[in-house]
Amino acid sequence: MSSNKPPNNANLDRVVAQARREAEQRQQGYRERALKMYPWICGRCAREFTRANLQELTVHHRNHDHDYNPPDGSNWELLCVYCHDNEHSRHIDNIVGPSIADDAPAAATSNPFAGLKALLKK
Ligand SMILES: [Zn+2]
Ligand SMILES: [Zn+2]
């Protein structure tokens, strides 16, 4: 900003390294910021979180772009790991089209999270 010298290669490397470091810090920082901005509740299943189980509360990017972190938090949504997983598989479903399940469709729609939780506990 204040320099009027053209950057040499060493400076350029340093600038690139610094920019990369700052980008990494920003990415680590968005979770903290989202947790300060929003109540610790899953946006899907309304499960509440405390410091004891906060690691299971994750930040979802509404547009699925992890590099898009507007300061007003409009691209963030707090989801528990189960709902977050579900959100992403749903997103993939939307791309490839709904899969036609031939095994017990009624059971699958009644409570999708119960089965998922049981699977993850194994
Ligand atoms: Zn949830
Ligand atoms: Zn996500």
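Glu56 is partly exposed, with a relative accessible area of 23%; that label covers the range between buried (under 20%) and exposed (over 50%), using a 1.4 Å probe and protein chains only. Its partner is Arg47: the two form a salt bridge whose closest N and O atoms are 2.8 Å apart. Arg47 is likewise partly exposed, at 23% relative accessibility. A salt bridge here is a side-chain nitrogen of Lys or Arg within 4 Å of a carboxyl oxygen of Asp or Glu.

Before going on, a word on how to read the values. This is a predicted model, in which local features need pLDDT of at least 70 and side-chain atom pairs count only at pLDDT 80 or more, while totals for chains, interfaces and linings use all residues. Residues are numbered from 1 along each chain as its sequence is written, chains are lettered from A and ligands numbered from 1 in the order in which they are written, and side-chain values use heavy atoms, with hydrogens and water left out.

**Salt bridges**

The structure holds 4 salt bridges. Side chains of opposite charge can pair when their charged atoms come close. Three of the pairs with Arg are set out below.

| Pair | Closest N to O distance |
|---|---|
| Arg47 and Glu56 | 2.8 Å |
| Arg44 and Glu77 | 2.7 Å |
| Arg62 and Glu77 | 4.0 Å |

Glu77 appears with two partners. The Arg62 and Glu77 salt bridge links distant parts of the chain, with Glu77 in strand E2 and Arg62 in the loop between E1 and E2, 15 residues apart. Strands (E, at least two residues) and helices (H or I, at least four) are DSSP runs, numbered from the N terminus. Salt bridges that share partners join Arg44, Arg62, Glu77 and Glu87 into one network. As for the salt bridge between Arg44 and Glu77, Arg44 lies in the loop between H1 and E1 and Glu77 in strand E2, so this pair ties together parts that are 33 residues apart in sequence. Glu77 counts as buried at 13% relative accessibility, whereas Arg44 is partly exposed at 36% and Arg62 is partly exposed at 45%.

**The four-cysteine zinc site**

The zinc ion (ligand 1) has four protein donors, Cys42, Cys45, Cys80 and Cys83, each through SG, at 2.3 to 2.4 Å. Donors are N, O and S atoms within 2.8 Å of the metal (3.2 Å for Na, K and Ca); water is not among the atoms, so sites may look incomplete. Along the chain, the donors follow the spacing C-x2-C-x34-C-x2-C. The angles that the 4 donor atoms subtend run from 101 to 117°, which makes the arrangement tetrahedral; four donors earn that name if all angles lie between 85 and 135 degrees. For comparison, ideal angles at a metal are 109.5 degrees for four tetrahedral donors.

Cys80 is buried, with a relative accessible area of 1%, and Cys83 is buried at 2%. Disulfides come to 0, the rule being a pair of cysteine sulfur atoms within 2.5 Å.

**The core beside it**

Cys80 also belongs to the largest nonpolar core, which has 14 residues; Cys42, Phe49, Leu57, Val59, Leu78 and Cys80 touch the most other members. Helix H1 (9-37), E1, E2 and H2 each give two or more residues to this core, and E2 gives the most, with 4 residues. Such a core is a set of buried Ala, Val, Leu, Ile, Met, Phe, Trp, Tyr and Cys residues joined through side-chain atoms within 4.5 Å. Leaving aside neighbours within four places in sequence, Cys80 is in contact (heavy atoms within 4.5 Å) with residues including Cys42, Cys45, Phe49 and Leu57.

**The three-histidine zinc site**

The zinc ion (ligand 2) is coordinated by His60 (ND1), His84 (NE2) and His88 (NE2), at 2.0 to 2.1 Å. In sequence these donor residues are spaced H-x23-H-x3-H. His60 in strand E1 and His84 in helix H2 (residues 81-96) link distant parts of the chain, 24 residues apart. His60 counts as buried at 1% relative accessibility, and His84 is buried at 12%.

**Asn75 and His60**

Asn75 sits in the loop between strand E1 (57-61) and strand E2 (76-80), and Asn75 is buried, with a relative accessible area of 3%. Leaving aside neighbours within four places in sequence, Asn75 is in contact with His60, His61, Arg62, Asn63, Asp65, Tyr68 and Pro70. The C-alpha atoms of Asn75 and His60, 15 residues apart along the chain, are separated by 8.0 Å.

Key: Tetrahedral: all angles 85-135°; square planar, octahedral: opposite > 155°, others 65-115°.
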